[in-house]
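Visitor: I should like to take a close look at a single part of this structure, with its surroundings explained step by step.

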Amino acid sequence: MAEGSIALPQVQTFRPGPKFVQLIPGVLLLAAIGYLGKFVEQSVAVYAKAHHLHLPNIEYVLWAIVFGMVVSNTIGVPRVFLPGVLTYEFWLKAGIVLLGARFLLGDVVKLGGISLALVVLELAVAFTFMTMLGRWFGLKPKLTSLLAVGSAVCGVSAIIATKGAIDADDEDSSYAIAAILALGAIALFTFPLIGHWLHLGDRAYGLWAGLAVDNTAEATAAGALYSDAAGKIAVLAKTTRNAMIGFVVLGYALYWARKGQAQQVEGKAAFLWQKFPKFVLGFLLISLLATAGVFSKPQIGSLANLSRWAFLLTFAGVGLRTNLKELKLQGLRPFAVGAIGEAVIAVLTLGMVLVAAKLFHL
Amino acid sequence: MSADSRKPSPPERWQLSVDGWAVTIALLLALLVRLGLIHRVPW
């Protein structure tokens, strides 16, 4: 890896305090790239209108990701920017919590309920298929477990949580993370195209993106690339999927502990709480407050816009951390297992979503 | 020893995770909006 270029994301704990100043350059870079994306989207629209042209509306989401990728894959991300760039996960989660203001709790319960039923089906399909595929390709069992968790639940966070719980090798988790990130990047560009080709409605597409795209940042971006409404639903479906992380990691921890290849789990309730993504609770709380009428309509608009600004930084971060050279170095077999698995899961979840869309008039 | 079974030392125990920070800052922003201290956020 070139000196100063961005590495594949590993476990990051964002700790402000004395190191807060170190975050500033990277956060400013995220803001600059994100804002450039927004500026280009608006400029293209103004130019097209002034010259009576029918140019496709390319959302700021795509511009921000592409500009980030250009920087990451040409000059690289200088070391001084790295701490701030890695805060993209913080902006993503803060954005999701604030997005809760745009959901009435009834919608969360209805759509979340449908999502939950589909998530349970998706988990069963993903685990079974990925485990079989890993065996066919002769992957190490723990690497297969990590890939299965990554593709079934929520990408990098789930892999990192499972790695600790099943005592998997660093190498295995790096392979799994690389494969999931590469596939997430591919999904980001292919899902909206497939959605438009199939003329999917915003809700059906959003559900599909939330169920099938692995990493939360990529799922959010894949949804937002389709439409604002689809982005909203994608976040809800993905959040439902994220909420399952504790159960899945606990299941794998117990499985590997029984085989004598991981530590015993003491205190299952505490384990579940430790693994539960707390931002889901923040999202539900804001949604509850919005439903209870705590915020006026303009205030909900302000919270929604704050969420958009947070996502703007996230999408720039997604582009900046996508290093194609790094992804190429990670070996073909884990990528092939992930790619085949993802393609099958995407097709099956699409089928489930289409059935649900008919049944529940989405 | 896995990372999960390690007991945090007292100062670590009170350090917030990314999730913790995200929820705290988001709720703080929501409070500022509710109180009218953040009046209008343009997009």
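In which helix of chain A does L313(A) lie?

Guide: The model before you is predicted. L313(A) belongs to helix 15 of chain A, a helix that runs over residues 297–321. Let us begin with the residue itself and then widen the view.

A residue counts as buried if 20 or more other C-beta atoms lie within 10 Å of its own. L313(A) has 26 C-beta neighbours inside 10 Å, and it is therefore classed as buried. Leaving aside the neighbours within four places in sequence, the contacts of L313(A) are L30(A), A31(A), G34(A), Y88(A) and W91(A). One of these partners, Y88(A), is 225 residues away from L313(A) along the chain, yet the C-alpha atoms of the two residues are separated by 6.3 Å. Chain A as a whole offers a setting for this pair: among its contacts between residues at least 6 apart in sequence, 81% join residues at least 24 apart.

The helix that holds L313(A) comes next. Of the 25 residues in helix 15 of chain A, 18 are buried, so this helix is largely enclosed by the rest of the structure. Its length can be checked by a simple calculation. At 1.5 Å a residue, helix 15 of chain A should span 36 Å, and because its end C-alpha atoms are 36 Å apart, the two values agree.

Helix 15 of chain A also takes part in the meeting of the two chains. Here 27 residues of chain A are in contact with 24 residues of chain B. On the side of chain A that touches chain B, the elements giving two or more residues are helix 4 (88–99), helix 7 (155–166), helix 14 (279–291) and helix 15 (297–321) of chain A. The largest share, 7 residues, comes from helix 15 of chain A. By type, the residues on this side of chain A divide into 14 nonpolar, 7 polar and 6 charged. The partner, chain B, has 2 helices and 0 strands, and buried residues make up 23% of its 43 residues.

Helix 7 of chain A, another of the elements on that side, leads to a further example of packing within the chain. Two packed helices are described by the angle between their axes and the distance between the axes. Helix 6 (residues 141–152) and helix 7 of chain A pack at an angle of about 145 degrees, with their axes 8 Å apart, and the crossing is right-handed. Among the residues that meet there are L146(A) and V149(A) in helix 6 of chain A, and A158(A) and I159(A) in helix 7 of chain A. This contact divides into 5 nonpolar, 4 polar and 2 charged residues.

Helix 6 of chain A also packs with helix 8 (residues 170–197) of chain A: their axes come within 9 Å and cross at roughly 35 degrees. This crossing, too, is right-handed.

Finally, consider chain A in full. It has 17 helices and 0 strands. Its radius of gyration is 20 Å, close to the 21 Å that the globule rule gives for 362 residues, so chain A is as compact as a globular protein of that length. Along its principal axes the C-alpha trace spans about 65 × 55 × 45 Å. Buried residues make up 54% of the 362 residues in chain A, and L313(A), with which we began, is among those that count as buried.

Methods
Residues numbered from 1 in each chain as written. Chains lettered and ligands numbered in written order. Predicted model: local features only at pLDDT ≥ 70, side-chain atom pairs only at ≥ 80, totals over all residues. Contact = placed C-beta atoms within 7 Å. Helix = DSSP H or I, 4+ residues; strand = E, 2+ residues; numbered from the N terminus. Nonpolar A, V, L, I, M, F, W, Y, C, P; charged D, E, K, R; others polar. Rg over C-alpha atoms; globule rule 2.2 N^0.38 Å. Buried ≥ 20, exposed ≤ 12 C-beta atoms within 10 Å, placed from the backbone. Axes fitted to C-alpha atoms, helices over the stretch in contact; angles between N-to-C directions. Left-handed = near helix turned anticlockwise from the far one by under 90°. Expected span 1.5 Å × (residues − 1).
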